[in-house]
Amino acid sequence: PKGERPEDIALMQSPAEFTAPQERELNMDLRWRLHPVTNKIAQAFNLQSPLGEARFWLFHAAPGSSGEEPLNTHHGRSEQTTLKDLQRTTGYLAPVTTGGRRPAPLTLHVVELPFQPGRDVFDRGLCPLCIRFFDSQVREVGSRIITVPNNGTVQDVMNEASQHLQPAWGIQGSLRVLEVAEGRLLRNHRADVAVRSLECFNRSNIFYHCLRVEADPDVTMPEGHTLLEIYHCDRQSQQAFAQPLLLAVAPGEKSGAIKQRCKARLQVPDAEFKLWRLVRYVRTLRTHLKDEDPWDATDQPTDAKLYLEHAHPNPPSSLTRQSRYNKPLTIKG
């Protein structure tokens, strides 16, 4: 429909089930400290607050979109923090309006937690983790908050994650645990890796610093094959985005064959995929590969990376600002 935001359309097409957000407008005194603030929020949204401690975290923005730490973590903020202090951290300025100054509303994002911060988890030597499940098309199909021992391993993460799998997700067989940041693969963890060595360990914003769990079809790869990360890159900004895919490729495999495997894996329509390019990136050298080119040129270093270059379907504001001078041009004869 006309006027509908791209992110709303994307949510409608997502296979993941989620609870729609709710909004409330609450009146509070800027001198209030966080404890009465969280109590009033809990009452307004009918959230449980046992033992007088909020079972949710507050953020300035959607927690999955930035690494911002929660505003009311167990150890992150003093009990003396007030709403006025939060206001200052947002770069807030009261606008001048007709009839005097009226402060603009302070927007907070509230995320309910399945555990009691500081009581049920951290004080018992447990590590809370956000697990995001991905299907074979590299689509997020669900997410869960789990806890594992601080001295545990990735195998403990897999065991806990497997208990939350849904048949409709189609995730079967062995699992693998990945960490992805800014559209690039950070780690593909072995089962014996310690939880303490995870990039997301001891990060308060577990919704941003999360783990990707998916089926591992590459447990037994053909001899000589390489498990390669293929990421998405915006054509204009050359910035990585979205979730990369892992593909087992053979030595000398042609770029056209790899592209077709990516297309089939991601199920991209023909009309859209014909605008995508496969690019080999070696250190500072980028090469747009033709279909007959092998992905691993013998005259280049072996640390070659591959990415799919195409337009970002929903560019963030930073990319939009870069193209603010790109205006339509009308030529009259």
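A residue is called exposed when its relative accessible area is over 50%, buried when that value is under 20%, and partly exposed in between. Keep these words in mind as you walk through this predicted model.

**Stop 1: the whole protein**

Start with everything shown as a cartoon. The secondary structure comes to seven helices and 14 strands. The protein has 333 residues, and 37% of them count as buried. About 20100 Å² is exposed, with carbon and sulfur atoms supplying 50% of that area. Contacts tell you how the chain folds back on itself: among those with a separation of 6 or more, 61% are between residues 24 or more positions apart.

**Stop 2: a turn at Glu 182**

Now select Glu 182. You will find Glu 182 in the loop between E7 and strand E8 (184–189). Is Glu 182 buried or exposed? Its relative accessible area is 61%, and the cut-off for exposed is over 50%, so Glu 182 is exposed. Look at its backbone too: phi is positive, about 50°, although Glu 182 is not a glycine.

Gln 238 is another place to check phi. Here the angle is near 60°, again a positive value in a residue other than glycine. Gln 238 sits in the loop between E10 and strand E11 (240–249), and with 27% relative accessibility Gln 238 counts as partly exposed.

**Stop 3: helix H4 and its buried face**

Select residues 154–162, which make up helix H4. Which residues of H4 are buried? They are Val 154, Val 157, Met 158 and Ala 161. Turn the view until you look down the axis of H4: the buried residues fall within an arc of 100°, so they line one face of the helix.

Next, show what lies over them. The cover of these buried residues includes strand E5 (126–134), strand E6 (140–149), E7, E8 and E9.

**Stop 4: salt bridges**

How many salt bridges does a search of the whole structure find? The search finds 13. Let us visit three of them.

Begin with Arg 132 and Glu 140, whose side chains meet in a salt bridge of 3.1 Å, N to O. Arg 132 has 18% relative accessibility and counts as buried, while Glu 140, at 26%, is partly exposed.

Move on to Arg 176, which forms a salt bridge with Asp 216; their closest N and O atoms are 3.1 Å apart. Arg 176 lies in strand E7 (residues 175–181), and Asp 216 lies in the loop between strand E9 (211–215) and strand E10 (226–234), so this pair ties together parts that are 40 residues apart in sequence. With a relative accessible area of 2%, Arg 176 is buried.

The third pair is Arg 261 and Glu 253, with 2.9 Å between the closest N and O atoms. Arg 261 is partly exposed at 31%, whereas Glu 253 is buried at 14%. Before leaving the salt bridges, select Arg 176, Arg 212, Glu 214, Asp 216 and Asp 218 together: salt bridges with shared partners join these residues into one network.

**Stop 5: an open sheet**

Colour strands E10 to E14 next. An open sheet of five strands runs in the order E11-E10-E14-E12-E13, and its pairing is mixed. Which strands form the edges? E11 and strand E13 (285–288) do, each pairing on one side only. On average, neighbouring strands of this sheet are turned by 30° against each other, direction ignored.

Zoom in on strand E12 (residues 277–282) and strand E14 (residues 305–310). These two run antiparallel and are joined by five bridges. To see one partnership, pick Arg 280: its bridge partner in E14 is Leu 306.

Now add helix H5 (residues 255–266), which packs on the sheet and touches E10, E11, E12 and E14. The direction of H5 makes about 120° with that of E11.

**Stop 6: Pro 222 and Ala 250**

Finish with Pro 222, in the loop between E9 and E10. Pro 222 is partly exposed, with a relative accessible area of 47%. Draw a distance line from its C-alpha to that of Ala 250: the two residues are 28 residues apart in sequence and 8.3 Å apart in space.

Terms used. Residues are numbered from 1 along each chain as its sequence is written. This is a predicted model: local features need pLDDT of at least 70, side-chain atom pairs count only at pLDDT 80 or more; totals for chains, interfaces and linings use all residues. Side-chain values use heavy atoms; hydrogens and water are left out. A salt bridge is a side-chain nitrogen of Lys or Arg within 4 Å of a carboxyl oxygen of Asp or Glu. Buried means under 20% relative accessible area, exposed over 50%, partly exposed in between (1.4 Å probe, protein chains only). Helices (H or I, at least four residues) and strands (E, at least two) are DSSP runs, numbered from the N terminus. The arc is that of the directions from the helix axis to the C-beta atoms. Contact means heavy atoms within 4.5 Å. Accessible areas come from the Shrake-Rupley method with a 1.4 Å probe; for residues, only the protein chains shown count as cover. Two strands pair if DSSP finds at least two bridges between them. Axes are lines fitted to C-alpha atoms, for helices over the stretch in contact, and angles run from 0 to 180 degrees between N-to-C directions.
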